[in-house]
Amino acid sequence: QSLVGFVGSVHCRPDRRCPATAMAKDVGKPEFWNKFMQRPEVQAAMRSKLKYESYAEQAQRTKLDKLERKQRRYEIMDELMRCATNVKHLISPMFRYKITQQYLWKVLSEARKEGLLFCDKLREPQVYHRLMAIKAEITAGPYGVAGWQAEEEVEEDLMDKMVVEADCIPGGIDGEAPDRKQVLDKREIQGVLDFGQQIKSEGNEAFANENWEGALTRYCQGDEMLKNFRAEPHLSKENKELKTMHRACLNNKANAALRMDQWQTALRAADDALRLKPDDEKALFRKAQALEWLGKTDEALECLDEVEQIAQDMDEEFREAIMADVTERRTEIKDIEHRAALDYKNLFKAMGDKEVFGGGRFLADGTSPPPALTGEQERQIKKMKDKEEYLAAKLKYERELRLKEGRPGVLQGPKEPEMPTPNKPAGIGYLRRLERTRTITKSQAEQLLQALMEIYSAPEFQKKVHADAKAVMYEFQPFLRRLKKTAFVVQEPLLDKWGFDPTEEGLQELMVCLNDHTLRDPALRKLADETTKMLYGGEDGMWGMEAD
């Protein structure tokens, strides 16, 4: 209907009359349509549809062009990150402009065709001068290409990366980027290497003349300069030379600081050198020396062990020299530890003799006196004492009866337990005869109980205990005689470690010291019971057989 209306509107004119029957008759003829399609207004209408389709194709083409430009920007950015900092600083403020991106893509394409690196291509005079000219055009204001029409919508991550790399602050503003360094080209990095070699030579000369302060100053200057620069990634030789020179400056800095008794400075310099090369034997040896003077002998010995492992892979001449130094340092460290132990012993003895911290607070050997007994503990001891006296009187009476009856009257005193434990260390009579040489604190008692639990719970010890029980057909008294020997093998090192005599008397004293605290502390008493349980072989051993 719309086509018929359009045909009617173009066929009938206001100045002539057009009957409907004549129009319908003409529409059915091919000649009408041939003439109709030749009219200017019809051809204009047909061109309007073609114009609409070209807009759709143009929009699709624009979208594809935008994606292509985005891909090109990321490729250009990847190549720019391998360039020197001065190039990044030049391109950073004008990277968002289309003219810059188009020219950089052209340069990148030419570099790929010629087989050159992008950074080398940018350093060509004509390319560098063209970039300077583009920057001048952009900054020319309304007479140049500046303005939002000339800008390209650049991704935020690309711009942030470009700004950070261009405004390179080594290490970051607040130290948030310790690995960030200023990137230099081959000409600039060679200047840094030459200056670093000069500083190193001056420091070595001062060190040879025993001018430790002057040598340390020069080595510090070299460290502060070399740590802020690196060469472009493709300059592997220059980067290796720079790292080697920096590591040498750090090792020399640590050595000079050791000569001036600046142990912390030496330790930091050695750690920095180890970050550049973890298996640097010089840095490890300097670190061991610094730790030794700082009193961290255990860590110093660990560093010396690492040096010894590294020396195994060296030539015999170097290995012998390094091992001689390592042996000397180890001997010195052990002598220091021995002297320190003697000094502490003498110190505590003098403090105990002079009662520095109050009368009776410390004994002569540096330990504390036994804690005072509570009323309940005194009542328990009195009860145990009365029981012992009653048993002694009973034995005496039974002996007299046996003598009257003509039987042997052997008087047997209270039988001491075959195996002393923390909750049952010994009888009262034995406690009277025992001469105490030391006491322990509550925390030490807990550590000792945990140590006993550990050695008693070892699978090897449990296996031996179960074998002893099986050998005596699970008879309790014969089992105790065997257990006494089996347990003392693992108890002896513990006695020696804690300063008790490695004898039966020392074991009895240890149990008495533990009993001082298990009587007062229910938690320690429970832990002591668990320890005794493991001593007898646990649930599968002889635990609980004594009552039977």
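## Disulfides

A disulfide is a pair of cysteine sulfur atoms within 2.5 Å. This is a predicted model, and a search of the whole structure finds zero disulfides. Cys-83 shows how the cut-off works. Its nearest cysteine sulfur belongs to Cys-119 and lies 5.0 Å away, so with a limit of 2.5 Å the two do not form a disulfide. Cys-83 is buried, at a relative accessible area of 0%. Cys-513 is buried too, at 1%.

## Salt bridges between helices

The structure holds 21 salt bridges. One of them joins Glu-202 to Arg-218, with N and O 2.4 Å apart. This pair links distant parts of the chain. Glu-202 sits in helix 10 (residues 186-208), Arg-218 in helix 11 (residues 212-226), and 16 residues separate them. Glu-202 is partly exposed at 30% relative accessibility. Arg-218 is partly exposed at 21%.

Lys-287 and Asp-271 form another salt bridge, and their closest N and O atoms are 3.3 Å apart. This pair also connects distant parts of the chain: Lys-287 is in helix 14 and Asp-271 in helix 13 (residues 263-276), 16 residues apart. Asp-271 is partly exposed, with a relative accessible area of 25%.

## Salt bridges nearby in sequence

Asp-272 pairs with Arg-275 in a salt bridge, the closest N and O atoms being 2.0 Å apart. Both residues lie in helix 13, three residues apart, about one turn of the helix. An α-helix has 3.6 residues a turn, so residues three or four places apart point the same way. Asp-272 is partly exposed at 25%, while Arg-275 is exposed at 63%.

A network of salt bridges links Glu-110, Glu-114, Lys-121 and Glu-124.

## A buried arginine without a partner

What is the nearest side chain of opposite charge to Arg-286? It is Asp-325, 7.4 Å away. A salt bridge needs nitrogen and oxygen within 4 Å, so the distance of 7.4 Å leaves Arg-286 without one. Arg-286 is nonetheless buried.

Arg-286 belongs to helix 14 (residues 281-293). Beyond residues up to four places away in sequence, Arg-286 touches Asn-251, Ala-254, Asn-255, Leu-258 and Ala-270.

## Nonpolar cores

The largest nonpolar core has 32 residues. Which of them touch the most other members? They are Ala-266 and Leu-304. The elements giving two or more residues to this core are helix 10, helix 11, helix 12 (236-259), helix 13, helix 14, helix 15 (297-311) and helix 16 (316-354). Outside its neighbours within four places in sequence, Ala-266 is in contact with Ala-254, Ala-257, Leu-258 and Ala-290. Ala-254 and Leu-258 are also among the contacts of Arg-286.

A second, separate core has 31 residues. Its members include Leu-449, Leu-480, Leu-514 and Tyr-536.

## Helix 22

Helix 22 covers residues 504-518. At 1.5 Å a residue, its 15 residues should span 21 Å. The end C-alpha atoms are 21 Å apart, which agrees. The expected span uses one less than the number of residues, so the 15 residues give 21 Å.

Is helix 22 mostly covered or mostly open? Mostly covered: 13 of its 15 residues are buried.

Technical notes. Residues are numbered from 1 along each chain as its sequence is written. This is a predicted model: local features need pLDDT of at least 70, side-chain atom pairs count only at pLDDT 80 or more; totals for chains, interfaces and linings use all residues. Side-chain values use heavy atoms; hydrogens and water are left out. Helices (H or I, at least four residues) and strands (E, at least two) are DSSP runs, numbered from the N terminus. Buried means under 20% relative accessible area, exposed over 50%, partly exposed in between (1.4 Å probe, protein chains only). Lys and Arg count as positive and Asp and Glu as negative; His and the chain ends are not counted. Contact means heavy atoms within 4.5 Å. A nonpolar core is a set of buried Ala, Val, Leu, Ile, Met, Phe, Trp, Tyr and Cys residues joined through side-chain atoms within 4.5 Å.
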